[in-house]
Amino acid sequence: MPRPIARVLTLLELLQSGGIRTAAELAERVGVDERTVRRYVDHLIDLDVPVESVRGRYGGYRLATGYRMPPLMLSDDEALAVLLGLVAGGRAGLTTAMGTASETAAAKIRRVLPERLRRRLDAVSGSLTFTAPPGEAVAAESTVLLSITDAVRHHQPITIRYTAADGRRSERTLHPYGVVAHSGKWYLTAADLTADDDRTFRLDRITDVRALPGTFEPPAGLDPAKRVLTGLATAPYRHEVTLRVQGTAEEIHTRLPAGVAIVEEGPPEGGAYPVTESWSRVDLRVDRLDWLPAVLASLDRPFVIDRPDELRGLVEAFAERLTNSARRAPGQA
């Protein structure tokens, strides 16, 4: 939504809260000067919103007595789409630091819907259950998200204050390429001019976003999501794992997502396996190895462990446990 329209709607919301609002108060709350406030009031009047001008020492603007916003005109399918979008967005972590924003937005929509449709949507929300609990979500400040996405859209450099995972704070100058939502978190991929390198930043660790003069040209063929997933997969961890797995990248990513593993298709080294089959190199960086044997078993494909040797022992122990369980007769503890 363009900023002037958003500010006009903010002005309307302030007037709807009741009472007389001075031009100075409205200007401060909306973030414009008093002349612009008067222009926004004219916009509302042009839209048949009855804004009254009250003269005198304590004068200002107010809405005409008894004025109410007209009903929100949504079809059943449109209203259901909005409600489910708010519910799904909240569970997926696609919210801002205002944690109740999706709930209050849904409540506002319900208030202006016709009674028949409101009852049906309440029935949906009261009956809807999920087979999995919501994932761990980390909210970003709405001002940070809006400022950064505006800079991405207009190819505008920015400076940010950033707090790293270890608590170190820094100020960085960036060329922001894109914002990506992944696993309940918001990420920014950008060229970090301070470090002269491309970096990925968590939005919930960013404060004080400031736009800088000028513009920049993003790289050709830019894929923000791929950049973020690659950055997450190559982040420093305790163990570096390299595997050769018989299968295509698409098949392997069903168990090892792009945010966890980097997969490159190609035959295994040494010639011990037929080159007629599709093989892929898989690189992972993980803090723990104990979950990998079960994932490799679920792939149900031949694989070669290049490193680390510790993973070989874990796979052998896992295979032995499976064998022992399979041989256990019914009734045996």
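The accessible surface of the protein chain comes to about 20700 Å² in this predicted model. Carbon and sulfur atoms account for 51% of that area. The chain has 333 residues, of which 31% count as buried. Its secondary structure comprises 11 helices and 11 strands. Long-range contacts were also counted. Among contacts between residues at least 6 apart in sequence, 62% join residues at least 24 apart.

The second largest pocket has a volume of about 1200 Å³. Its lining consists of 34 residues. Closest to the pocket centre are Tyr187, Gly231, Leu232, Ala235 and Tyr237. Five elements each give two or more residues to this lining: strand 4 (169–182), strand 5 (185–192), strand 6 (197–202), helix 8 (224–233) and strand 10 (279–286). Strand 6 gives the most, with five residues. By class, the lining has 13 nonpolar and 13 charged residues, with eight polar residues besides.

Enclosed space was examined as well. The structure holds one cavity of 30 Å³ or more. The volume of this largest cavity is about 40 Å³. Its lining is formed by Ala79, Val82, Leu83, Leu86, Ala106, Ile109, Arg110, Leu113 and Leu121. Helix 4 (76–92) and helix 5 (101–112) are the elements that give two or more residues to the cavity lining. Helix 4 gives the most, with four residues. Eight of the lining residues are nonpolar and one is charged. No polar residue takes part in the cavity lining.

Strand 5 includes Asp192. Asp192 has a relative accessible area of 1%, so the residue counts as buried. A polar atom of the Asp192 side chain lies 3.0 Å from the backbone nitrogen of Thr194. Leaving aside residues up to four places away in sequence, Asp192 touches Arg172, Thr173, Leu174, Asp197, Arg199 and Phe201. The loop between strand 5 and strand 6 contains Asp196. In contrast to the buried Asp192, Asp196 is exposed, with a relative accessible area of 71%. The backbone of Asp196 has a positive phi of about 55°, although Asp196 is not a glycine.

A positive phi also occurs at His155, another residue other than glycine, with a value near 55°. His155 sits in the loop between helix 7 (142–154) and strand 3 (158–163). Its relative accessibility is 30%, so His155 counts as partly exposed. The peptide bond that joins Arg307 and Pro308 is cis, with omega about 0°. Pro308 lies in the loop between strand 11 (303–307) and helix 11 (309–327).

Strand 8 (residues 239–246) contains Val245, and His239 belongs to strand 8 too. Val245 is buried, because its relative accessible area is 1% and the cut-off for buried is under 20%. His239 is buried as well, with a relative accessible area of 13%. The C-alpha atoms of Val245 and Phe303 are separated by 4.2 Å. Along the chain, these two residues are 58 residues apart. Phe303 is also among the contacts of Val245. With residues up to four places away in sequence excluded, the other residues touched by Val245 are Ile252, Ser278, Trp279, Ser280, Val282, Leu299, Arg301 and Pro302. On the same basis, His239 touches Leu284, Arg285, Val286, Asp287, Arg288, Leu289 and Glu310.

How values were computed
Residues numbered from 1 in each chain as written. Predicted model: local features only at pLDDT ≥ 70, side-chain atom pairs only at ≥ 80, totals over all residues. Heavy atoms only, no water. Buried < 20%, exposed > 50% of the residue type's maximum accessible area, 1.4 Å probe, protein only. Contact = heavy atoms within 4.5 Å. Areas by Shrake-Rupley, 256 points an atom, 1.4 Å probe, with all protein chains shown as cover. 1 Å grid on protein atoms, 1.4 Å probe; cavity = no way out; pocket = protein on both sides within 12 Å on 5 of 7 lines; lining within 4 Å. Points joined across faces, edges and corners; volume = space filled by probe spheres on them. Nonpolar A, V, L, I, M, F, W, Y, C, P; charged D, E, K, R; others polar. Polar contact = N/O pair within 3.5 Å; in protein donor to acceptor, adjacent residues only side chain to side chain.
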